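Hello,

Here is the structure I promised to pass on to you. Have a look at it first, and then read my notes below.

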Amino acid sequence: MLVVAAALLDGSSRVLMHRRPFAKHHGGLWEFPGGKVDPGEVPQDALSRELAEELGIRVEPHRFAPAGFATGAAVPGDDEPLVILLYTCRHWHGEPLALEGEEVRWCLGADCSGLDLAPLDRELLPNLKPFGIDL
Ligand SMILES: Nc1nc2c([nH]c(=O)n2[C@H]2C[C@H](O)[C@@H](COP(=O)(O)OP(=O)(O)OP(=O)(O)O)O2)c(=O)[nH]1
């Protein structure tokens, strides 16, 4: 399964974190917002679509800069390994809101580390150091 995720970065070295719905896989854990890529979909287009659904913001796909990836075991009900592509983004339209999840929060790097993160999001956090996020 291919998943895309975005680290939205503001001008104060903060990252927007998203808390997953309690009822879902990894419910209540914090993650970089994003979701699954549909078959045949360009990853950046999928990320733009997911951020519109999840946060109500609009992002032009060329605004996403690659920031690495992580791999994990298949999720229950799927037989393919999980791959998450992480992108950073500094430009979007609108105010991010938790439309589907439990909460969104702007966090400094050290505060991100202190959250109860989904495992692959924890693994990806150091990838943000070159983008000015200190842990
Ligand atoms: N972000 C993240 N997702 C993970 C990790 N481990 C893991 O199995 N996943 C799974 C949970 C979800 O099935 C999928 C992320 O896609 P999603 O956010 O669109 O998934 P979802 O549960 O909302 O599913 P859906 O309603 O869209 O079908 O990856 C992880 O460490 N971080």
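Let me begin with the record: UniProt, in an unreviewed entry, places the feature "domain: Nudix hydrolase" at residues 1-130. Please keep in mind that this is a predicted model. Over residues 1-130, helix makes up 19% of the chain and strand 31%. The C-alpha atoms at the two ends of that stretch are 27 Å apart.

Now to the strands. There is an open sheet of three strands, in the order β3-β2-β7, with antiparallel pairing. Its edge strands are β3 and β7, each of which pairs on one side only. Strand β2 covers residues 14-19 and is joined to β7, residues 103-108, by six bridges. If you want to find this pairing on your screen, look for Arg19, which stands opposite Glu103 of β7, and for Met17, which stands opposite Arg105 of β7. Strand β3, residues 30-31, is linked to β2 by two bridges, and there His18 has Glu31 as its bridge partner.

Glu31 turns up again around the ligand. Which residues come nearest to the ligand? Of the 16 residues around it, they are Glu31, Gly35, Val75, Ala118 and Leu120. The elements that give two or more residues to this shell are β1 (2-8), β4 (34-36), β6 (82-89) and α3 (119-124). The largest share, three residues, comes from α3. By type, the shell has eight nonpolar, four polar and four charged residues.

Next comes the inside of the model. In soluble globular proteins, nonpolar side chains tend to be buried together. Here the largest nonpolar core has 33 residues, and those touching the most other members are Val4, Ala6, Ala7, Val15, Leu86 and Tyr87. At least two residues each are supplied by β1, β2, α1 (43-55), β6 and α3. Which element gives the most to this core? That is β1, with six residues. Ala6 is a good place to zoom in: leaving out residues up to four places away in sequence, Ala6 touches Phe32, Pro33, Gly34, Leu47, Leu51, Phe64, Tyr87 and Cys89.

Is Leu82 buried or exposed? Leu82 belongs to strand β6, and it counts as partly exposed because 16 other C-beta atoms lie within 10 Å, whereas a buried residue needs 20 or more. Setting aside neighbours within four places in sequence, Leu82 is in contact with Met1, Val3, Thr71, Gly72, Ala73, Ala74 and Val75. The last of these, Val75, is also one of the residues that come nearest to the ligand. By contrast, the C-alpha atoms of Leu82 and Val42, which are 40 residues apart along the chain, are separated by 17 Å.

Finally, two backbone details. Most residues other than glycine have a negative phi. Ser13, in the loop between β1 and β2, has a positive phi near 55 degrees. His26, in the loop between β2 and β3, also has a positive phi, near 60 degrees. Both are partly exposed: Ser13 has 13 C-beta neighbours inside 10 Å, and His26 has 16.

Enjoy exploring, and do write back with any questions.

Best wishes

Notes: Residues numbered from 1 in each chain as written. Predicted model: local features only at pLDDT ≥ 70, side-chain atom pairs only at ≥ 80, totals over all residues. Pairing = 2+ DSSP bridges. Helix = DSSP H or I, 4+ residues; strand = E, 2+ residues; numbered from the N terminus. Near = placed C-beta within 6 Å. Nonpolar A, V, L, I, M, F, W, Y, C, P; charged D, E, K, R; others polar. Buried ≥ 20, exposed ≤ 12 C-beta atoms within 10 Å, placed from the backbone. Contact = placed C-beta atoms within 7 Å. UniProt positions renumbered as here; feature names shortened; annotations may be inferred. Core = buried A, V, L, I, M, F, W, Y, C linked by C-beta atoms within 7 Å.
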